[in-house]
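Work through the exercises below with the sequence and the 3D structure at hand. Each task is followed by a solution in steps.

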Amino acid sequence: MSNSEVKLAPQSQRQADAGTIQVVSFRLANEEYGIEITKVQEIILVGEITRVPQTSPYIKGLINLRSTVIPIVDLRLRFGMAEEAATDETRIMVMNVGGKTTGIIVDAVSEVLRISKDQMAPPPPTVSGLGRDYLTGLAKLDKRLLILLDVDRLLSDVSSATQMVA
């Protein structure tokens, strides 16, 4: 087979793949969240973050990632959770959303999961408030629930606060 040829999976396999999404799962406090893998550029260790005065508390500052300065958002603070010191498991998930690169600090990155559409449910109507705007749904996995986040909405709200920073 030459380099220009692409071997396609059988039609039935392609349809099965179309009914699934891949998500990167991560932890904040005792909850597990997921973001579509296509939004995640890379996952890095937490290094030195340069603080910027007069920004929202959840904007931790800036990092220099291979000559690109990117703003860093503490997702715990963004969700109104208590701030915690970084541990060996703490990571920055570098996201590329709408042509803008932003890092989000999470407690730990767990795994990459393939979730079928029938495992997903919309957010329950009882969930209200600011958080509901960022949910795309819930994934029911064996004995656990994964909260699926709409990172486009989550980071678009942050972009106005980071424009003056980046």
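**Exercise 1.** Find the bridge partner of M95 in strand 7, then describe how strand 6 and strand 7 are joined.

Solution.
- Step 1. M95 has T102 as its bridge partner in strand 7. The model is a predicted one.
- Step 2. Strand 6 covers residues 91-97 and pairs with strand 7 through 7 bridges, in the antiparallel sense.
- Step 3. The two strands, 6 and 7, make a hairpin with 2 residues between them. In its turn, G98 has a positive phi of about 60°.

**Exercise 2.** State how many residues of strand 7 are buried, and in which direction strand 5 runs relative to strand 7.

Solution.
- Step 1. Strand 7 spans residues 100-106. Of its 7 residues, 5 are buried, so by the cut-off of under 20% relative accessible area the strand is mostly covered.
- Step 2. Strand 5 and strand 7 run parallel and are joined by 3 bridges.
- Step 3. Across this pairing, I104 in strand 7 stands opposite V73.

**Exercise 3.** Write down the strand order of the open sheet with 5 strands, and explain why one side of strand 3 and of strand 4 is left without a neighbour.

Solution.
- Step 1. The order is 3-6-7-5-4, with mixed pairing.
- Step 2. Strand 3 (40-45) and strand 4 (59-65) stand at the edges; each has a single partner strand, so one of its sides has no neighbour in the sheet.
- Step 3. On average, neighbouring strands of the sheet are turned by 30° against each other, direction ignored.
- Step 4. Strand 4 is joined to strand 5 (residues 68-74) by 6 bridges, and the two run antiparallel. In this pairing, L62 stands opposite P71 of strand 5.

**Exercise 4.** Place the sheet in the whole chain: count the helices and strands, and give the share of buried residues.

Solution.
- Step 1. The chain holds 3 helices and 11 strands. Read from the N terminus, the elements run α-β-β-β-β-β-α-β-β-β-β-β-β-α.
- Step 2. Of the 166 residues, 40% are buried.
- Step 3. Among contacts with a separation of 6 or more, 56% are between residues 24 or more positions apart.

**Exercise 5.** Which element has the lowest confidence, and which the highest?

Solution.
- Step 1. The mean pLDDT of the chain is 82, and 80% of the residues reach 70 or more.
- Step 2. Confidence is lowest in helix 1 (residues 11-18), with a mean of 44, and highest in strand 3, at 95.
- Step 3. Over residues 1-16 pLDDT stays under 50, and the model has 3 contacts beyond four places in sequence for them.

Notes: Residues are numbered from 1 along each chain as its sequence is written. This is a predicted model: local features need pLDDT of at least 70, side-chain atom pairs count only at pLDDT 80 or more; totals for chains, interfaces and linings use all residues. Side-chain values use heavy atoms; hydrogens and water are left out. Two strands pair if DSSP finds at least two bridges between them. Helices (H or I, at least four residues) and strands (E, at least two) are DSSP runs, numbered from the N terminus. Axes are lines fitted to C-alpha atoms, for helices over the stretch in contact, and angles run from 0 to 180 degrees between N-to-C directions. Buried means under 20% relative accessible area, exposed over 50%, partly exposed in between (1.4 Å probe, protein chains only). Contact means heavy atoms within 4.5 Å. pLDDT is the predictor's confidence in each residue, from 0 to 100.
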